[in-house]
Amino acid sequence: LAAQLVELREENVTLRNCLECMGVLQESWFLARLHSSRFARILREHPLRGRFVNLEEVARARELALMTVGLAGPASVLSMAATSKTVASSLTTVTNEL
């Protein structure tokens, strides 16, 4: 099992390297999606039992808004901004900083 794990890791690194060389994959986007996937798994395993945080609250928190825009990408900003005037205003401010 340990040998299979080592082999799979080697194949994963090689495949990612090939995709990066071909211009199909950017490491930063891969790592962001990997983080999102892991975070989603953790939330499934350990659901939040507190108050719900909505997009408006995230958008008002500058650092969270910057991270959200960075991870979601520029194309998604218009969709997020369409959800409310508060979100639009906050995201406009954040995207002007980028």
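## Helix α1

In this predicted model, helix α1 covers residues 2-21, and its 20 residues at 1.5 Å each should span 28 Å. The C-alpha atoms at the two ends of α1 lie 29 Å apart, which agrees with that expectation.

Helix α1 is hardly covered, with a count of zero buried residues among its 20. Just after α1 comes Gly23, which adopts a positive phi of about 80°.

## Overall make-up

The protein chain contains six helices and zero strands. Read from the N terminus, its elements follow the order α-α-α-α-α-α.

Of the 98 residues in the chain, 16% count as buried. The accessible surface amounts to about 7800 Å², and carbon and sulfur atoms hold 61% of that area. Among contacts with a separation of 6 or more, 53% join residues that are 24 or more positions apart.

## The largest nonpolar core

In soluble globular proteins, nonpolar side chains tend to be buried together. Here the largest nonpolar core consists of eight residues: Ala65, Leu66, Val69, Val77, Met80, Val87, Leu91 and Val94. Three helices each supply at least two residues of this core, namely α4 (62-72), α5 (74-81) and α6 (85-97).

## Packing of α4 against α5

Two packed helices are described by the angle between their axes and the distance between the axes. For α4 and α5 the angle is about 125° and the axes are 7 Å apart. Angles of 65 to 115 degrees count as roughly perpendicular and those over 145 as roughly antiparallel, so α4 and α5 are oblique to each other.

On the α4 side, the contact is made by Thr68, Val69 and Ala72. On the α5 side, the residues are Pro74, Ser76, Val77 and Met80. Val69, Val77 and Met80, which take part in this contact, also belong to the largest nonpolar core.

## Packing of α4 against α6

Helices α4 and α6 pack at an angle of about 70°, with 10 Å between their axes. This angle makes α4 roughly perpendicular to α6.

From α4, the residues Arg62, Ala65, Leu66 and Val69 meet Leu91, Val94, Thr95 and Glu97 of α6. Ala65, Leu66, Val69, Leu91 and Val94, which take part in this contact, are also members of the largest nonpolar core. Val69 of α4 is listed in the contact with α5 and in the contact with α6.

Conventions. Residues numbered from 1 in each chain as written. Heavy atoms only, no water. Core = buried A, V, L, I, M, F, W, Y, C linked by side-chain atoms within 4.5 Å. Buried < 20%, exposed > 50% of the residue type's maximum accessible area, 1.4 Å probe, protein only. Helix = DSSP H or I, 4+ residues; strand = E, 2+ residues; numbered from the N terminus. Contact = heavy atoms within 4.5 Å. Areas by Shrake-Rupley, 256 points an atom, 1.4 Å probe, with all protein chains shown as cover. Expected span 1.5 Å × (residues − 1). Axes fitted to C-alpha atoms, helices over the stretch in contact; angles between N-to-C directions. Parallel < 35°, antiparallel > 145°, perpendicular 65-115°, else oblique.
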